[in-house]
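Student: I have a sequence and a structure open, and I want to learn how to read the features. Can we go through them one by one?

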Amino acid sequence: MSAWLLFSINGFALDPNIPHVEGELIIKFKTQITSGEEDILKIFADQVGFHKLQAKLKKDDSLELLNSYAWADIHHVRIRPGEDFDQVMGKIQGMEEVEYVEPNYIFSATFTTEAFEDAPSAQAFSSEQNRFSSAQALGAGQNVTVAVIDTGVDYTHADIASNMWINSGEVPGNGIDDDKNGYIDDINGWDFVNNDNDPYDDHYHGTHVSGIVLSLQNKARPVIKIMALKFLDYYGYGSTGDAINAIDYAVRNGAKILNNSWGGGFYSSALRDAIVATYNANRVFAVAAGNSAVNIDQEPSYPPSYLIPNMITVAALNSSDNLAWFSNYGPTGVHVGAPGVAIYSAVPKEQCSVPPCYKYLSGTSMATPYVAGVAAMMLSEQPELMHLQVKKIIMDTSVSNASLEGMIGKGSVEPSDAVTTASNTTPDGNIPPYTPSSISDSIGLSASESAGMGCGALVDITQGPKNGGGQGLTPTSGISLFLLSWPLLFVFFLRRQMRRKFVLSPF
Ligand SMILES: [Ca+2]
Ligand SMILES: [Ca+2]
Ligand SMILES: [Ca+2]
């Protein structure tokens, strides 16, 4: 039986061209999803779930368990060499206890490497950034941790070194998981690609993003801490399983804001559930709209197209506050815009001859950390604000113009106004209950209405097929992003193939 047929049973067909890690699956059992911080902070890799999986699946020893997520009863497994991927997936699919099983899809960093022969001078750039730095005068409150879920961070960079998050419960270098969070000697974060405690950036994207987050704070009164969570590899690609690991780590280890400058993936129920867990834990999930120049209200792209109310989806603007030519848009799915063209920020020491190194990059990847930085300054001023309040303030204080009307939900982010408003806003600790709608659900509002956000910001835009559709689940924007980055993706596949000896699907 082919994978196509198996997936058809579930109401849609798996396109073999969709990039995924060969031989790996993500499985969710039908259980009551518990909500709230208490649950999500439970110790990782709940053994109950593992034993259940063993009882159900490991009798024939066909699976290797890579990870379990206690908060949603999700298991990340690898099919043992020699086992037939389709057969094993079919067996899992047929189990009545299984809510879903899906491939371990691959995502990519959302930036563009266009040449900047006419890059603005550093001086011109700084004038564009002035309105952002004006927010710096305000923040003088508590420290706020921002998780940069990306390619890693050069934590030695002059702009970054003193602003790294430090795991105070961990004694470095003693080979012991002192804080019992499941990670040994994790001082600044974790490297989920190589599974080690050194999340150094062997690309440059994550360092650039981190530099932008930190540019929102007053250097004389630093309050932002960067938690480095590497899930994108040397080429800028990463898997759903590693993304979920990173999201889980961020929540359990105290990051209030998660910066997600990546995307281009297929609809993953497991990734959706991981983001819902961040909602229940009162975290702000900033996410890049993507660089395919499409309307994601019509052509969904993931993760930006999920309907999860604590997500702030960010478009890239140029220096005239118009949409950047490459930026995705959509009045429903994209909430605000921020500078994303020729942004000057830190890159790792390997990137120039005389460190500290800097580089101009463009992308919604660069716009998103501005919003994460603004959110951090807001929470520094008013630490008890709920995620939906942070989002509402950022949206309501943004400034629209004729070119943005109808293209994105609101306008260009105004950091000073957002931080000032936050400091004058009474925190509301009551997180409205939220139940995710599956891709086969009809489009509509859910608990988002009770969140009081208005302006269509929280309308479900997961326009998947109705039940049994079988053809509507193609996220064309994701596909076009892949086309845009096809050569890199091909390199990624070759690399993976060489490193892990996987037999890879054509795409
Ligand atoms: Ca630890
Ligand atoms: Ca230790
Ligand atoms: Ca490493």
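Student: Is N282 buried, partly exposed or exposed?

Tutor: Start from the relative accessible area. Between 20% and 50% a residue counts as partly exposed. N282 has a relative accessible area of 27%, so N282 is partly exposed. Keep in mind that this is a predicted model.

Student: Where does N282 sit, and what is its phi?

Tutor: N282 lies in the loop between α8 (269–280) and β11. Its phi is near 65 degrees, a positive value in a residue other than glycine. K180 is another non-glycine residue with positive phi, about 55 degrees. K180 belongs to the loop between β5 and β6. Its relative accessible area is 60%, so K180 is exposed.

Student: How confident is the predictor in the protein chain?

Tutor: Look at the mean, then at the weak stretches. The mean pLDDT of the protein chain is 77, and 70% of its residues reach 70 or more. Over residues 1–13 the pLDDT is below 50, and this stretch has 27 contacts beyond near neighbours in sequence. Over residues 440–507 the pLDDT is also below 50, with 144 such contacts in the model.

Student: Now the metals. Which residues are the protein donors of the calcium ion (ligand 1)?

Tutor: List the donor atoms with their distances. For the calcium ion (ligand 1) they are E170 (OE), D177 (OD), D179 (OD), N181 (OD1), Y183 (O) and D186 (OD), at 2.2 to 2.4 Å. Along the chain their spacing is E-x6-D-x1-D-x1-N-x1-Y-x2-D. Among these donors, D177 and D186 are buried.

Student: Why is the arrangement around the calcium ion (ligand 1) irregular?

Tutor: Compare the angles with the ideal ones. Six octahedral donors would ideally give 90 or 180 degrees. The 6 donor atoms around the calcium ion (ligand 1) subtend angles of 74 to 159 degrees, which makes the arrangement irregular.

Student: What coordinates the calcium ion (ligand 2)?

Tutor: Its donors are E170 (OE), V171 (O), N174 (OD1), I176 (O), D178 (OD) and D185 (OD), at 2.2 to 2.3 Å. E170 therefore appears in both lists, for ligand 1 and for ligand 2. The spacing along the chain is E-V-x2-N-x1-I-x1-D-x6-D. With angles of 69 to 175 degrees among its 6 donor atoms, this site is irregular.

Student: Are E170 and N174 buried or partly exposed?

Tutor: Read each relative accessibility. E170 is at 5%, so E170 counts as buried. N174 is at 31%, so N174 counts as partly exposed.

Student: What are the protein donors of the calcium ion (ligand 3)?

Tutor: They are D191 (OD), D196 (OD), D196 (OD) and D198 (O), lying 2.4 to 2.6 Å from the ion. D196 is listed with two OD entries. In sequence the donor residues are spaced D-x4-D-x1-D. D196 counts as partly exposed because its relative accessibility is 27%. D198 is partly exposed too, with a relative accessible area of 33%.

Student: D191 is a donor there. What is its bridge partner in β7?

Tutor: Bridges tell you how strands line up. The partner of D191 is K230. Strand β6 (residues 189–191) and β7 pair in the parallel sense over 3 bridges. Strand β5 (residues 144–150) also pairs with β7 in the parallel sense, over 7 bridges. In that pairing T145 is matched with K225. As for cover, 6 of the 7 residues of β7 (residues 224–230) are buried.

Student: How many disulfides does the structure hold?

Tutor: Check the sulfur pair, then the torsion. The structure holds 1 disulfide. C352 is joined to C357, with S to S at 2.0 Å. The torsion about the S-S bond is about -80 degrees, so the disulfide is left-handed. C352 is partly exposed, at a relative accessible area of 29%. C357 is buried, at 1%.

Student: What does P348 touch?

Tutor: Look past the sequence neighbours. P348 touches D154, Y200, D201, H203, Y204, T207 and C357, not counting residues up to four places away in sequence. P348 is found in the loop between β14 (343–347) and β15 (357–361). Its relative accessible area is 1%, so P348 is buried. The C-alpha atoms of P348 and D202 are separated by 8.0 Å, though the two are 146 residues apart along the chain.

Student: Which peptide bond to P356 is cis, and where does P356 lie?

Tutor: Omega decides it. The bond from P355 to P356 is cis, with omega near 5 degrees. P356 lies in the loop between β14 and β15. The bond from Y302 to P303 is also cis, with omega near 10 degrees. P303 sits in the loop between β11 (284–288) and β12 (311–317).

Terms used: Residues numbered from 1 in each chain as written. Chains lettered and ligands numbered in written order. Predicted model: local features only at pLDDT ≥ 70, side-chain atom pairs only at ≥ 80, totals over all residues. Heavy atoms only, no water. Buried < 20%, exposed > 50% of the residue type's maximum accessible area, 1.4 Å probe, protein only. Helix = DSSP H or I, 4+ residues; strand = E, 2+ residues; numbered from the N terminus. Pairing = 2+ DSSP bridges. Donors = N, O, S within 2.8 Å, 3.2 Å for Na, K, Ca; no water. Tetrahedral: all angles 85-135°; square planar, octahedral: opposite > 155°, others 65-115°. Contact = heavy atoms within 4.5 Å. Disulfide = S-S within 2.5 Å. pLDDT = per-residue confidence, 0-100.
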